[in-house]
Amino acid sequence: MKLRTFVLLLVVLAVGAFTLLNWAVIMTPTELSMGLVQVQAPLGLIMLGMMAVLTLVFLVYLLYLQTTVMLDGRNQAKELQSQRKLADQAEASRFTELRTFLDAEFKRMAASDTEAKAALLTRIDGLERDLRLAVEQSGNSLAASMAEMDDRQRSGNLPRS
């Protein structure tokens, strides 16, 4: 039990005990002035009734406030839920957009890699062709030089070793 509830219960019990203990005095008729009219009535009972009515008014007001707060809380929870849903949808949209962008970027990179690979292979083929031609020319030049040296050796132009 909360402290406020416990204190309120103690106050109500104290008022009830006080009323029971002083019931005879509360019910004693007294001459009361109602403005223009004088009336014989128990002052204690009238004050007790006024306190009961005031307590009832405060309880109704408390119930009204609590209901209003609960409805506001429910409305805020619904609004929060709708905002959360919108945020989730926006986030999903951003992820989809990012995925689309990345897919397009990967395709572009793959195409660029394919073009670069084709250009590199073409260049390597050209260099290989040039290298073969250079090796062949070197081989032909070397063979011609060796044949010339062999001819010179046979003709006696070069000393024999």
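Analyst: Helices here are DSSP runs of H or I with at least four residues, strands are runs of E with at least two, and both are numbered from the N terminus. Threonine 96 has its place in one such run, helix α3. The model is predicted: local features need pLDDT of at least 70 and side-chain atom pairs count only at pLDDT 80 or more, whereas totals for chains, interfaces and linings use all residues. Residues are numbered from 1 along each chain as its sequence is written, and side-chain values use heavy atoms, with hydrogens and water left out.

User: Why is threonine 96 called partly exposed?

Analyst: Its relative accessible area is 48%. Buried means under 20% and exposed over 50%, with partly exposed in between (1.4 Å probe, protein chains only), so threonine 96 falls in the middle class.

User: How far apart in space are threonine 96 and glycine 73?

Analyst: They are 34 Å apart, C-alpha to C-alpha, with a sequence separation of 23 residues.

User: How do you know that the span of α3 agrees with its 113 residues?

Analyst: The expected span is 1.5 Å times one less than the number of residues, so α3 should reach 168 Å; its end C-alpha atoms lie 161 Å apart, which agrees. Glycine 156 follows α3 and has a positive phi, near 95 degrees.

User: What makes β1 and β2 a pair?

Analyst: Strands pair if DSSP finds at least two bridges between them. Strand β1 (residues 29-33) and strand β2 (residues 38-42) have 5 bridges, in the antiparallel sense, so the criterion is met. Proline 29 is bridged to proline 42 of β2, and glutamate 31 to glutamine 40. The hairpin has 4 residues between the strands, and glycine 35 there takes a positive phi near 100 degrees.

User: Which residues line the largest pocket, and what is their make-up by class?

Analyst: The lining consists of Leu8, Val11, Val12, Val15, Met51, Thr55, Phe58, Leu59 and Leu62. Both α1 (3-21) and α3 (43-155) give two or more residues to it, and α3 gives the most, with 5. By class there are 8 nonpolar residues, 1 polar and no charged. Thr55 is the polar one, because Thr is in neither the nonpolar list (Ala, Val, Leu, Ile, Met, Phe, Trp, Tyr, Cys, Pro) nor the charged one (Asp, Glu, Lys, Arg).

User: Which element has the lowest mean pLDDT?

Analyst: On this confidence scale for each residue, from 0 to 100, helix α2 (residues 23-26) has the lowest mean, 89, and α3 the highest, 93. The chain mean is 91, with 96% of residues at 70 or more.

Definitions and conventions:
1 Å grid on protein atoms, 1.4 Å probe; cavity = no way out; pocket = protein on both sides within 12 Å on 5 of 7 lines; lining within 4 Å. pLDDT = per-residue confidence, 0-100.
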